[in-house]
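User: Could you walk me through the ring contacts and the ligand site of this model? I'd like to see how each label follows from its value.

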Amino acid sequence: MNKKENISQLAVQGVQKLIPYKAGKPVDELERELGLTEIVKLASNENALGPGSKAIAAIKNTLPELSRYPDGNGFALKMALAKKLNVSIEQITLGNGSNEILELLARTFLTPELEVVFSQHALAVYPLVTQAVGAKACIAPALNYGHDLLAMLALVNKKTRLVFIANPNNPTGTLLSSIDLKEFIAALPETVICVLDEAYFEFVDDANKSATIAWLNEYPNLIITRTFSKAYGLAGLRVGYSLSSLEVADLLNRVRQPFNNNALALTAAEAALSDNEYLAETIAMNNKGMNQLTSAFKEMGLSWIPSYGNFVSVNLKQDAMPIYEALLKKGVIVRPVANYEMSDFLRISIGTEQENQFFIKAFKDVLTEI
Ligand SMILES: *Cc1c(COP(=O)(O)O)cnc(C)c1O
(Lines give C-alpha, C1' and ligand atoms only; values in the text may rest on other atoms or scores of the structure.)
Protein backbone atom coordinates (compact mmCIF):
# COMPACT_ATOMS: atom_id res chain seq x y z
CA MET A 1 0.00 0.00 0.00
CA ASN A 2 1.42 3.41 -0.85
CA LYS A 3 1.45 6.41 1.45
CA LYS A 4 -1.48 8.17 -0.19
CA GLU A 5 -3.77 5.17 0.27
CA ASN A 6 -2.80 5.11 3.93
CA ILE A 7 -3.92 8.70 4.37
CA SER A 8 -7.34 7.96 2.84
CA GLN A 9 -7.83 5.12 5.26
CA LEU A 10 -7.38 7.40 8.23
CA ALA A 11 -10.80 8.93 7.53
CA VAL A 12 -13.79 7.71 9.55
CA GLN A 13 -15.75 4.85 7.95
CA GLY A 14 -18.70 6.97 6.76
CA VAL A 15 -16.46 9.47 4.98
CA GLN A 16 -14.34 6.77 3.29
CA LYS A 17 -17.38 5.53 1.40
CA LEU A 18 -18.94 8.93 0.78
CA ILE A 19 -19.79 9.92 -2.78
CA PRO A 20 -19.91 13.74 -3.06
CA TYR A 21 -23.16 15.56 -3.95
CA LYS A 22 -23.50 16.01 -7.69
CA ALA A 23 -24.64 19.54 -8.47
CA GLY A 24 -26.15 20.82 -11.71
CA LYS A 25 -23.52 21.67 -14.31
CA PRO A 26 -22.42 25.32 -14.00
CA VAL A 27 -22.98 27.54 -17.05
CA ASP A 28 -19.29 28.57 -17.16
CA GLU A 29 -18.21 24.95 -17.36
CA LEU A 30 -20.40 24.20 -20.38
CA GLU A 31 -19.21 27.43 -22.01
CA ARG A 32 -15.60 26.33 -21.54
CA GLU A 33 -16.23 22.80 -22.76
CA LEU A 34 -18.27 23.50 -25.87
CA GLY A 35 -17.55 27.17 -26.61
CA LEU A 36 -21.28 27.88 -26.71
CA THR A 37 -22.46 31.44 -26.20
CA GLU A 38 -26.17 30.95 -25.59
CA ILE A 39 -26.73 28.68 -22.62
CA VAL A 40 -29.89 28.08 -20.64
CA LYS A 41 -29.52 26.44 -17.24
CA LEU A 42 -32.64 24.79 -15.88
CA ALA A 43 -30.83 22.35 -13.64
CA SER A 44 -30.73 23.51 -10.03
CA ASN A 45 -34.20 24.94 -9.27
CA GLU A 46 -32.78 28.43 -9.08
CA ASN A 47 -34.94 31.52 -9.49
CA ALA A 48 -34.80 32.52 -13.15
CA LEU A 49 -35.64 36.16 -12.36
CA GLY A 50 -32.21 36.71 -10.82
CA PRO A 51 -31.92 38.27 -7.35
CA GLY A 52 -34.54 40.87 -6.38
CA SER A 53 -33.75 44.59 -6.47
CA LYS A 54 -34.23 44.99 -2.71
CA ALA A 55 -31.68 42.26 -2.01
CA ILE A 56 -29.18 43.81 -4.40
CA ALA A 57 -29.61 47.26 -2.83
CA ALA A 58 -29.09 45.80 0.65
CA ILE A 59 -25.88 44.10 -0.49
CA LYS A 60 -24.54 47.35 -1.95
CA ASN A 61 -25.29 49.17 1.30
CA THR A 62 -23.44 46.55 3.30
CA LEU A 63 -20.26 46.43 1.19
CA PRO A 64 -18.44 49.13 3.22
CA GLU A 65 -18.98 47.01 6.36
CA LEU A 66 -17.17 43.94 5.03
CA SER A 67 -14.07 44.44 7.16
CA ARG A 68 -16.27 43.66 10.19
CA TYR A 69 -17.42 40.22 11.28
CA PRO A 70 -21.10 39.65 10.61
CA ASP A 71 -23.62 39.46 13.43
CA GLY A 72 -23.07 35.89 14.58
CA ASN A 73 -26.62 35.70 15.88
CA GLY A 74 -28.20 37.13 12.73
CA PHE A 75 -30.43 39.24 14.95
CA ALA A 76 -31.97 41.48 12.28
CA LEU A 77 -32.83 38.60 9.94
CA LYS A 78 -34.20 36.52 12.81
CA MET A 79 -36.36 39.45 13.94
CA ALA A 80 -37.75 39.84 10.43
CA LEU A 81 -38.46 36.09 10.17
CA ALA A 82 -40.02 35.97 13.64
CA LYS A 83 -42.35 38.82 12.77
CA LYS A 84 -43.35 37.40 9.41
CA LEU A 85 -43.81 33.81 10.58
CA ASN A 86 -45.17 34.55 14.05
CA VAL A 87 -42.54 32.55 15.94
CA SER A 88 -40.12 33.63 18.66
CA ILE A 89 -36.57 34.41 17.57
CA GLU A 90 -35.31 31.66 19.88
CA GLN A 91 -37.05 29.11 17.64
CA ILE A 92 -35.00 30.14 14.60
CA THR A 93 -31.62 28.72 13.60
CA LEU A 94 -29.86 30.24 10.60
CA GLY A 95 -27.76 28.10 8.30
CA ASN A 96 -25.36 28.47 5.41
CA GLY A 97 -28.16 27.28 3.18
CA SER A 98 -30.74 24.93 4.68
CA ASN A 99 -28.20 22.27 3.72
CA GLU A 100 -26.08 23.31 6.68
CA ILE A 101 -29.06 22.86 9.00
CA LEU A 102 -29.51 19.30 7.71
CA GLU A 103 -25.86 18.63 8.46
CA LEU A 104 -26.08 20.23 11.91
CA LEU A 105 -29.06 18.02 12.68
CA ALA A 106 -27.08 14.92 11.74
CA ARG A 107 -24.11 16.01 13.84
CA THR A 108 -26.32 16.93 16.78
CA PHE A 109 -28.52 13.86 16.91
CA LEU A 110 -26.82 10.92 15.19
CA THR A 111 -24.22 8.33 16.11
CA PRO A 112 -23.18 5.14 14.27
CA GLU A 113 -25.63 3.21 16.47
CA LEU A 114 -28.65 5.22 15.30
CA GLU A 115 -30.89 5.14 12.24
CA VAL A 116 -32.46 7.65 9.89
CA VAL A 117 -35.62 7.13 7.85
CA PHE A 118 -36.33 8.81 4.52
CA SER A 119 -38.00 7.97 1.23
CA GLN A 120 -36.75 6.62 -2.05
CA HIS A 121 -36.30 9.54 -4.53
CA ALA A 122 -35.53 11.90 -1.61
CA LEU A 123 -32.90 14.66 -1.62
CA ALA A 124 -29.37 13.27 -2.02
CA VAL A 125 -28.23 15.33 0.96
CA TYR A 126 -30.17 13.11 3.40
CA PRO A 127 -28.08 9.98 2.73
CA LEU A 128 -24.93 12.13 2.59
CA VAL A 129 -25.29 13.69 6.04
CA THR A 130 -26.43 10.34 7.47
CA GLN A 131 -23.45 8.46 6.10
CA ALA A 132 -20.94 11.13 7.04
CA VAL A 133 -21.67 10.54 10.73
CA GLY A 134 -21.81 6.76 10.26
CA ALA A 135 -25.54 6.39 11.01
CA LYS A 136 -27.70 3.88 9.14
CA ALA A 137 -30.06 5.07 6.38
CA CYS A 138 -33.39 3.23 6.19
CA ILE A 139 -35.08 4.00 2.89
CA ALA A 140 -38.81 3.47 2.38
CA PRO A 141 -39.92 2.66 -1.17
CA ALA A 142 -41.88 5.53 -2.74
CA LEU A 143 -45.58 5.37 -3.57
CA ASN A 144 -46.39 6.92 -6.96
CA TYR A 145 -43.06 8.78 -6.71
CA GLY A 146 -44.17 10.40 -3.44
CA HIS A 147 -43.61 9.56 0.23
CA ASP A 148 -45.28 6.40 1.48
CA LEU A 149 -45.80 7.54 5.05
CA LEU A 150 -47.01 4.14 6.26
CA ALA A 151 -43.93 2.46 4.82
CA MET A 152 -41.77 5.11 6.50
CA LEU A 153 -43.52 4.62 9.82
CA ALA A 154 -42.96 0.87 9.52
CA LEU A 155 -39.19 1.52 9.42
CA VAL A 156 -39.22 3.46 12.67
CA ASN A 157 -37.83 1.49 15.61
CA LYS A 158 -35.95 2.07 18.87
CA LYS A 159 -32.80 3.06 17.00
CA THR A 160 -34.50 5.67 14.82
CA ARG A 161 -33.51 9.21 15.74
CA LEU A 162 -34.23 11.29 12.61
CA VAL A 163 -36.81 11.25 9.82
CA PHE A 164 -36.38 13.44 6.74
CA ILE A 165 -39.40 14.47 4.68
CA ALA A 166 -39.26 17.03 1.87
CA ASN A 167 -42.63 18.59 1.13
CA PRO A 168 -42.85 19.29 -1.78
CA ASN A 169 -40.29 16.63 -2.56
CA ASN A 170 -37.32 17.17 -4.86
CA PRO A 171 -36.80 15.78 -7.56
CA THR A 172 -40.36 14.45 -7.86
CA GLY A 173 -42.34 17.58 -6.91
CA THR A 174 -44.93 15.51 -5.04
CA LEU A 175 -46.83 16.98 -2.09
CA LEU A 176 -48.27 15.39 1.03
CA SER A 177 -51.62 16.54 2.34
CA SER A 178 -51.80 18.41 5.61
CA ILE A 179 -53.91 15.66 7.19
CA ASP A 180 -51.55 12.82 6.24
CA LEU A 181 -48.49 14.76 7.29
CA LYS A 182 -49.87 15.72 10.68
CA GLU A 183 -51.06 12.20 11.34
CA PHE A 184 -47.57 10.92 10.56
CA ILE A 185 -45.88 13.37 12.92
CA ALA A 186 -48.38 12.54 15.64
CA ALA A 187 -47.66 8.84 15.20
CA LEU A 188 -43.88 9.25 15.63
CA PRO A 189 -42.38 8.49 19.03
CA GLU A 190 -41.19 11.66 20.80
CA THR A 191 -37.64 10.33 20.60
CA VAL A 192 -37.68 10.63 16.80
CA ILE A 193 -36.93 14.05 15.35
CA CYS A 194 -39.04 14.80 12.26
CA VAL A 195 -37.30 17.12 9.81
CA LEU A 196 -39.79 18.69 7.47
CA ASP A 197 -37.84 20.17 4.56
CA GLU A 198 -39.94 22.96 3.07
CA ALA A 199 -37.46 24.32 0.53
CA TYR A 200 -40.28 24.78 -1.99
CA PHE A 201 -42.95 25.91 0.48
CA GLU A 202 -43.48 29.30 -1.19
CA PHE A 203 -44.46 27.69 -4.51
CA VAL A 204 -47.37 25.72 -3.06
CA ASP A 205 -50.73 27.40 -3.61
CA ASP A 206 -52.60 28.47 -0.47
CA ALA A 207 -55.23 25.73 -0.75
CA ASN A 208 -52.54 23.04 -0.60
CA LYS A 209 -50.18 24.64 1.94
CA SER A 210 -49.91 22.95 5.34
CA ALA A 211 -49.87 25.28 8.37
CA THR A 212 -46.87 23.42 9.74
CA ILE A 213 -45.51 26.26 11.89
CA ALA A 214 -48.60 26.03 14.10
CA TRP A 215 -47.73 22.38 14.76
CA LEU A 216 -44.42 23.30 16.43
CA ASN A 217 -46.16 24.04 19.73
CA GLU A 218 -47.69 20.59 19.75
CA TYR A 219 -44.65 18.59 18.62
CA PRO A 220 -41.28 19.50 20.20
CA ASN A 221 -39.68 16.85 17.95
CA LEU A 222 -40.73 18.70 14.76
CA ILE A 223 -38.22 20.79 12.82
CA ILE A 224 -39.12 22.80 9.74
CA THR A 225 -36.37 23.90 7.35
CA ARG A 226 -36.75 26.59 4.69
CA THR A 227 -34.43 28.45 2.39
CA PHE A 228 -33.73 31.69 0.56
CA SER A 229 -32.23 29.70 -2.34
CA LYS A 230 -35.36 29.01 -4.36
CA ALA A 231 -38.34 31.41 -4.31
CA TYR A 232 -36.27 34.23 -2.78
CA GLY A 233 -33.62 33.96 -5.49
CA LEU A 234 -30.49 33.91 -3.32
CA ALA A 235 -28.99 30.45 -3.95
CA GLY A 236 -25.50 31.91 -4.42
CA LEU A 237 -25.48 33.55 -0.99
CA ARG A 238 -26.36 30.41 1.02
CA VAL A 239 -29.04 31.26 3.55
CA GLY A 240 -31.53 28.87 5.06
CA TYR A 241 -33.16 28.51 8.44
CA SER A 242 -34.99 26.12 10.69
CA LEU A 243 -37.96 26.61 12.98
CA SER A 244 -38.13 24.30 15.95
CA SER A 245 -38.63 24.03 19.67
CA LEU A 246 -36.36 26.25 21.75
CA GLU A 247 -34.50 23.15 22.92
CA VAL A 248 -33.57 21.98 19.43
CA ALA A 249 -32.60 25.51 18.34
CA ASP A 250 -30.36 25.77 21.41
CA LEU A 251 -28.62 22.49 20.51
CA LEU A 252 -28.06 23.48 16.87
CA ASN A 253 -26.62 26.77 18.04
CA ARG A 254 -23.96 24.94 20.03
CA VAL A 255 -22.61 23.04 17.01
CA ARG A 256 -22.80 25.69 14.32
CA GLN A 257 -19.86 27.89 13.43
CA PRO A 258 -19.98 31.25 15.24
CA PHE A 259 -20.29 33.19 11.96
CA ASN A 260 -22.00 30.66 9.68
CA ASN A 261 -23.86 33.31 7.66
CA ASN A 262 -21.84 36.04 6.00
CA ALA A 263 -22.80 39.71 6.23
CA LEU A 264 -24.04 40.03 2.64
CA ALA A 265 -26.18 36.93 2.98
CA LEU A 266 -27.79 38.19 6.18
CA THR A 267 -28.64 41.61 4.83
CA ALA A 268 -29.85 40.34 1.46
CA ALA A 269 -32.08 37.70 3.01
CA GLU A 270 -33.64 40.26 5.33
CA ALA A 271 -34.37 42.55 2.39
CA ALA A 272 -35.66 39.69 0.23
CA LEU A 273 -38.10 38.69 2.95
CA SER A 274 -39.85 42.04 2.65
CA ASP A 275 -39.90 42.02 -1.16
CA ASN A 276 -43.47 40.84 -1.68
CA GLU A 277 -43.51 42.09 -5.23
CA TYR A 278 -40.53 39.93 -6.22
CA LEU A 279 -42.06 36.87 -4.55
CA ALA A 280 -45.38 37.42 -6.33
CA GLU A 281 -43.59 37.82 -9.64
CA THR A 282 -41.67 34.61 -8.97
CA ILE A 283 -44.82 32.62 -8.22
CA ALA A 284 -46.59 34.01 -11.30
CA MET A 285 -43.62 33.16 -13.53
CA ASN A 286 -43.50 29.68 -12.04
CA ASN A 287 -47.18 28.94 -12.60
CA LYS A 288 -46.99 30.21 -16.17
CA GLY A 289 -43.77 28.33 -16.87
CA MET A 290 -45.12 25.11 -15.39
CA ASN A 291 -48.05 25.33 -17.81
CA GLN A 292 -45.74 26.12 -20.68
CA LEU A 293 -43.56 23.06 -20.05
CA THR A 294 -46.32 20.58 -19.25
CA SER A 295 -48.35 21.72 -22.29
CA ALA A 296 -45.31 20.99 -24.44
CA PHE A 297 -44.84 17.57 -22.81
CA LYS A 298 -48.50 16.79 -23.45
CA GLU A 299 -48.19 17.83 -27.07
CA MET A 300 -45.13 15.58 -27.37
CA GLY A 301 -46.97 12.63 -25.85
CA LEU A 302 -44.74 12.57 -22.75
CA SER A 303 -45.88 12.07 -19.19
CA TRP A 304 -44.52 13.90 -16.14
CA ILE A 305 -44.92 13.84 -12.38
CA PRO A 306 -47.32 16.65 -11.38
CA SER A 307 -45.14 19.05 -9.41
CA TYR A 308 -45.77 21.57 -6.64
CA GLY A 309 -42.24 22.98 -6.84
CA ASN A 310 -40.37 25.17 -9.35
CA PHE A 311 -39.31 22.15 -11.42
CA VAL A 312 -40.89 19.19 -13.14
CA SER A 313 -39.60 15.67 -13.83
CA VAL A 314 -40.51 14.37 -17.26
CA ASN A 315 -40.64 10.66 -18.12
CA LEU A 316 -38.72 9.79 -21.30
CA LYS A 317 -39.47 6.05 -21.12
CA GLN A 318 -35.82 5.45 -22.08
CA ASP A 319 -32.39 6.12 -20.57
CA ALA A 320 -32.31 9.88 -20.09
CA MET A 321 -28.51 10.24 -20.25
CA PRO A 322 -28.13 10.42 -24.06
CA ILE A 323 -30.91 13.02 -24.18
CA TYR A 324 -29.27 15.01 -21.39
CA GLU A 325 -25.96 14.94 -23.32
CA ALA A 326 -27.62 15.96 -26.59
CA LEU A 327 -29.35 18.87 -24.82
CA LEU A 328 -25.98 20.02 -23.44
CA LYS A 329 -24.63 20.23 -26.98
CA LYS A 330 -27.52 22.57 -27.78
CA GLY A 331 -26.69 24.75 -24.78
CA VAL A 332 -29.40 23.49 -22.44
CA ILE A 333 -28.49 22.24 -18.98
CA VAL A 334 -31.15 20.17 -17.22
CA ARG A 335 -30.80 17.61 -14.46
CA PRO A 336 -30.42 13.87 -14.91
CA VAL A 337 -31.83 12.08 -11.86
CA ALA A 338 -30.42 8.56 -12.26
CA ASN A 339 -28.78 8.99 -8.84
CA TYR A 340 -32.35 9.27 -7.49
CA GLU A 341 -33.29 5.92 -9.07
CA MET A 342 -35.13 7.76 -11.84
CA SER A 343 -32.90 7.00 -14.82
CA ASP A 344 -35.68 7.50 -17.39
CA PHE A 345 -36.47 11.01 -16.13
CA LEU A 346 -35.01 14.47 -16.56
CA ARG A 347 -35.78 17.18 -14.04
CA ILE A 348 -36.38 20.58 -15.61
CA SER A 349 -36.35 23.73 -13.48
CA ILE A 350 -38.90 26.35 -14.49
CA GLY A 351 -37.21 29.26 -16.27
CA THR A 352 -38.36 32.49 -17.85
CA GLU A 353 -40.75 32.19 -20.77
CA GLN A 354 -37.85 32.56 -23.23
CA GLU A 355 -35.67 30.03 -21.41
CA ASN A 356 -38.52 27.52 -21.33
CA GLN A 357 -39.09 28.08 -25.05
CA PHE A 358 -35.38 27.60 -25.78
CA PHE A 359 -35.48 24.33 -23.86
CA ILE A 360 -38.70 23.10 -25.51
CA LYS A 361 -37.28 23.70 -28.99
CA ALA A 362 -34.01 21.92 -28.19
CA PHE A 363 -35.91 19.09 -26.47
CA LYS A 364 -38.17 18.52 -29.49
CA ASP A 365 -35.16 18.59 -31.83
CA VAL A 366 -33.20 16.13 -29.69
CA LEU A 367 -36.09 13.69 -29.43
CA THR A 368 -36.57 13.62 -33.21
CA GLU A 369 -32.82 13.21 -33.78
CA ILE A 370 -32.35 10.37 -31.27
C1 LIG B 1 -32.77 23.14 -2.90
C2 LIG B 1 -33.16 22.30 -1.74
C3 LIG B 1 -32.77 22.64 -0.45
C4 LIG B 1 -32.10 23.95 -0.19
O5 LIG B 1 -30.78 23.96 -0.16
P6 LIG B 1 -30.02 25.27 0.32
O7 LIG B 1 -28.88 24.72 1.06
O8 LIG B 1 -30.94 26.04 1.22
O9 LIG B 1 -29.66 26.03 -0.89
C10 LIG B 1 -33.16 21.86 0.61
N11 LIG B 1 -33.94 20.79 0.41
C12 LIG B 1 -34.38 20.46 -0.80
C13 LIG B 1 -35.31 19.30 -0.95
C14 LIG B 1 -33.97 21.19 -1.91
O15 LIG B 1 -34.36 20.81 -3.13
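Analyst: Happy to; this is a predicted model, and we can take the aromatic pairs before turning to the ligand.

User: How many aromatic pairs does a search of the whole structure find?

Analyst: The search finds ten aromatic pairs. One of them joins F118 and Y126, with 6.1 Å from centre to centre and 65 degrees between the planes.

User: Why is the pair of F118 and Y126 called edge-to-face?

Analyst: Ring centres must lie within 6.5 Å to pair, and planes over 60 degrees apart count as edge-to-face. F118 and Y126 have 6.1 Å and 65 degrees, so the pair is edge-to-face.

User: What makes F118 and Y126 count as buried?

Analyst: Buried means under 20% relative accessible area. F118 has 3%, so F118 is buried. Y126 has 0%, so Y126 is buried too.

User: Why is the pair of Y126 and F164 called stacked?

Analyst: Here the centres are 4.6 Å apart and the planes differ by 5 degrees. Planes under 30 degrees apart count as stacked, so that is the label for Y126 and F164. Both Y126 and F164 are buried.

User: Which parts does the pair of Y126 and F164 tie together?

Analyst: Y126 belongs to helix 7 (residues 125-132) and F164 to strand 5 (residues 160-166), so the pair links parts that are 38 residues apart in sequence. Elsewhere, F297, W304, F359 and F363 make up one aromatic cluster.

User: How do you know that K209 lies over the face of F201?

Analyst: The charge must be within 6 Å of the ring centre and within 35 degrees of the ring normal. K209 is at 5.0 Å from the ring centre of F201, so the distance condition is met. R347 likewise lies over the face of F311, at 5.8 Å from the ring centre.

User: Now the ligand: what makes the approach of Y200 a polar contact?

Analyst: A polar contact is a pair of N or O atoms within 3.5 Å. A side-chain N or O atom of Y200 is 2.6 Å from a ligand oxygen, so this pair qualifies. For N170 the distance to a ligand oxygen is 2.7 Å, and for a polar side-chain atom of K230 it is 3.3 Å. The protein covers 92% of the 390 Å² of accessible area that the ligand has on its own.

User: Which classes of residue form the shell around the ligand?

Analyst: The shell has three nonpolar, six polar and three charged residues. Among the residues surrounding the ligand are S98, L123, D197 and R238.

How values were computed: Residues are numbered from 1 along each chain as its sequence is written. This is a predicted model: local features need pLDDT of at least 70, side-chain atom pairs count only at pLDDT 80 or more; totals for chains, interfaces and linings use all residues. Side-chain values use heavy atoms; hydrogens and water are left out. Rings of Phe, Tyr and Trp (its six-membered ring) pair if their centres lie within 6.5 Å; planes under 30 degrees apart count as stacked, over 60 as edge-to-face and the rest as tilted. Buried means under 20% relative accessible area, exposed over 50%, partly exposed in between (1.4 Å probe, protein chains only). Helices (H or I, at least four residues) and strands (E, at least two) are DSSP runs, numbered from the N terminus. A residue is near a molecule or strand if one of its heavy atoms lies within 4 Å of it. A polar contact is a pair of N or O atoms within 3.5 Å; within protein, one must be able to donate a hydrogen and the other to accept it, and residues adjacent in sequence count only if both atoms are side-chain atoms. Accessible areas come from the Shrake-Rupley method with a 1.4 Å probe; for residues, only the protein chains shown count as cover. Ala, Val, Leu, Ile, Met, Phe, Trp, Tyr, Cys and Pro count as nonpolar, Asp, Glu, Lys and Arg as charged, and the others, Gly among them, as polar.
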